[in-house]
Amino acid sequence: MKGLPPVLITAIVLVAGFALCAMQFPNIASTRVVGNLLTDNAFLGIVATGMTFVIISGGIDLSVGSVIGFTTVFVALAIERWGVPPLVAFVAILALSAAFGAAMGAVIHVFDLPPFIVTLAGMFLARGASFLLSTESVPITAPVYSTVSDFALRMPGGGRLTAIAIIMLVIVIGGALLLHLTRFGANVYALGGSRVTASLMGVAVGKMTVKIYMLSSLLAGIAGIVFSFYTSAGYSLSAVGVELDSIAAVVIGGTLLTGGQGSVIGTFLGVLIQGMIQTYINFDGTLSSWWTKIATGVLLFAFIALQQGLVALARRPVTKSAGAAS
Amino acid sequence: MENSLDPALPLLEVRGISKSFGAVRALQEVDFTLRAGEIHALLGENGAGKSTLIKVVTGVFARDAGIVRISGEEIAPRSAKAALGAGIATVYQEVNLLPNLSVAQNLFLDRQPMRFGIVREGEMRRRAKALLADFDLDIDVAAPLGNYSVAIQHVTAIARAVDLSARVLILDEPTASLDRHEVEILFGIMRKLARRGIGIVFVSHFLDQVYEISDRITVLRNGRLVGERETASLPRLELIRMMLGRELAETTSARAATREHSAREVCASFENYGKAGYVAPFSLELRHGEVVGLAGLLGSGRTETARLVFGAERADRGQARVEGAAVRLQSPRDGVRHGFGYCPEERKTDGIVAELSVRENIVLALQAKRGLYLPLSRREQDEIARRYVKMLDIRPPDPERPVGLLSGGNQQKVLLARWLATSPRLLVLDEPTRGIDVGAHAEIIRLIRELCDDGLSLLVISSELDEIVTYSDRVVVLRDRAHIEELAGEAIDVGNILAAIAADSAAVALEAHT
């Protein structure tokens, strides 16, 4: 391999950034802050894991933010208004979001449409549906919510590893295993390399597409439940723009937007970088929170430029020998 | 498996295959027979029908007529996957594997060794290693395939195909981007596989390689079977005649009286012009009112020469002159500025804009030459379009018709009109008569003659030697990306061109490859 793999560069940026922050605010380097960072970004980590699969396969999923919003409203209404037991509500919404993702994947494959358009439609659909359910914030008071919110593993140094942070870590690890160790994962990379070639080599491209978008929506549903735990409410305007945050995390994590390369671990590091920037701004106190977006934007530019550089470097010897026939 | 050992039955038998695309008959009653354990070269120029035949056999195209049998059993695959199931695997020039996956994953994609739902990475690598060792390849199978040379990627593709129990292996131009040493390795593997009883179809335009490796040769021309011969008893001249020429007697009459042109002024000249790894340096003079033909086999450097002359490719040595003045041709724009025009071979992809009307296509180059700030008025456009539709007899004579709806011959005329509208001094035509029906064919040739009578200088590439002989004042013969001979006057005939192409000196070629 030429130079550093992108994931390593992400890791270096994270460590260096964290060191810089800790130099200015020594308190940042505590398990308390790290625990909060994981809790605050739990839903983002979950949804970005799904996005990693989609982007490596050469697609994109713009609907995830809306699916999160819909999930919070659905869960809140089901528990508070319709009197459904929380667990049943969770299972129902997960089945619903998985079906939603499967439908998008099927449309993408059967009608050979760009994922961008199909999931854009999905984004409007899910967001619209959540407004249809309720336009106002619905607080959730079910006992299971306070139990889960109170639950936390004590870390040395006084930090709390909350339930939703644990869920996120489990999903990140599970996602990494699924991507790197299974046939499904290998096929995701194959699709991102070339759909035509993958299908010639025997990969069931249609089934894979359906499964990949199903996975992404399912994880968005889980992220929605986690988000409802985080805010103890359901609100149709929640998680607006999260699809873009998660795409940013995936790209910063070294996954190629054109597909074929990337890792879940990189995405997790990307989420942490975004969380770290936010934490820094909170500590500073004088900076507007919008600086998070500016810093993320700068980082995104840097990573995309870096990837293009790496891609160009990797392609050079190949193109030289091409183009022979008279 | 049982009957594949029966020596009486051919491994792959193709009988009376026909295939048409619209009005174009790509294959007409073609037969092809492959025995077990033989390496069989399938030869022909561009458009001869090689690719179509392969795609019909491998189920990519549906056939119109004919049968395909494998070990005596009739098959009708509907996809490449189905063909693979029947034991026919194809390895294309552009390797159809995934460069972003590891070598091992490429070999075992979708059939990896598993345990508890987890890919057994170690086991998979061991097997990949063992499989490649069979092909004398010892590489790190965990590294991405894209890190390796095209040669290794080819071997990987072949290994995958063979491991998928292929009995017929079709190699489509496998050596086009390999160097000499890599070709040797590939040939070693091909011989080894043939000894195991696998039948190999070898498509290549490198005749030296064909003679080196193949047992038998089948030649196609214009979608028809020309013949099937034993390689050992087929002289090279005879082979080239099968690929390019019709019967010699038929052609000699066609040549018109040579016109005397040496007195004419030089329009453009190229001295020691060339590009490393593209075309060996050549010197070429193009005079006003003269047609220079470029003859040679596919891959001999004809199109490359044309692209250098036009400026579509940058030369790295030599000097170009236009009307005696030294010029630099860095881009097609420079070419156009100096009054050059270029009608490429791939009309559909490189030439016409199918959705635009005849008028819009015709004024395209003229408008580009004038620049965007001097738009042609609609009246001027109409005037130009009408003039050329009439002059070149474009049918139907409707300037507003989208070009995509015209026949191939008329599309070619629109392309010609586009460049003529810029009043060029030199026009480069790459295979102007390819894919055009016979009537339009003669008309294009007549046009070529008329144009040069008007003082235009023409550089024409064609695989049809009869045609080149008919209209050329001089013929440059190319082989292995080098200009090897220039014929003029009485010396221009099909026999001489064939002899020049077939001449057995590889020394000239070396320069071009380094």
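Colleague: Is the crossing in which α13(B) passes α15(B) left-handed or right-handed?

Modeller: This is a predicted model, in which local features need pLDDT (the predictor's confidence in each residue, from 0 to 100) of at least 70, side-chain atom pairs count only at 80 or more, and totals for chains, interfaces and linings use all residues, while side-chain values use heavy atoms, without hydrogens and water. A crossing is left-handed if the near helix is turned anticlockwise from the far one by less than a right angle, and right-handed if clockwise. On that convention, the crossing in which α13(B) passes α15(B) is right-handed.

Colleague: What class of orientation do α13(B) and α15(B) have?

Modeller: Residues are numbered from 1 along each chain as its sequence is written, with chains lettered from A and ligands numbered from 1 in the order in which they are written. Helix α13 (residues 358–370) of chain B packs on helix α15 (residues 408–420) of chain B at about 40°, their axes (lines fitted to C-alpha atoms over the stretch in contact, with angles from 0 to 180 degrees between N-to-C directions) being 6 Å apart. Because angles under 35 degrees count as roughly parallel, over 145 as roughly antiparallel, 65 to 115 as roughly perpendicular and the rest as oblique, α13(B) is to α15(B) oblique.

Colleague: How many nonpolar residues are in the contact of α13(B) with α15(B)?

Modeller: With contact taken as heavy atoms within 4.5 Å, residues of α13(B), including B:V358 and B:I362, meet residues of α15(B), among them B:V414 and B:W419. Ala, Val, Leu, Ile, Met, Phe, Trp, Tyr, Cys and Pro count as nonpolar, Asp, Glu, Lys and Arg as charged, and the others, Gly among them, as polar. Beside one polar and one charged residue, the nonpolar ones number seven.

Colleague: What orientation do α4(A) and α5(A) have?

Modeller: Helix α4 (residues 64–80) of chain A and helix α5 (residues 86–110) of chain A have axes 10 Å apart and pack at about 150°. That angle makes α4(A) to α5(A) roughly antiparallel.

Colleague: Which helix of chain A has the lowest confidence?

Modeller: Chain A has a mean pLDDT of 87, with 93% of its residues at 70 or more, yet pLDDT stays under 50 over residues 317–326 of chain A. Where pLDDT is low, the predicted coordinates should not be read in detail. Among the helices (DSSP runs of H or I, at least four residues, numbered from the N terminus), confidence is highest in α3 (residues 42–56) of chain A, at a mean of 96, and lowest, at 70, in residues 291–320, helix α14 of chain A.

How values were computed: Helix = DSSP H or I, 4+ residues; strand = E, 2+ residues; numbered from the N terminus.
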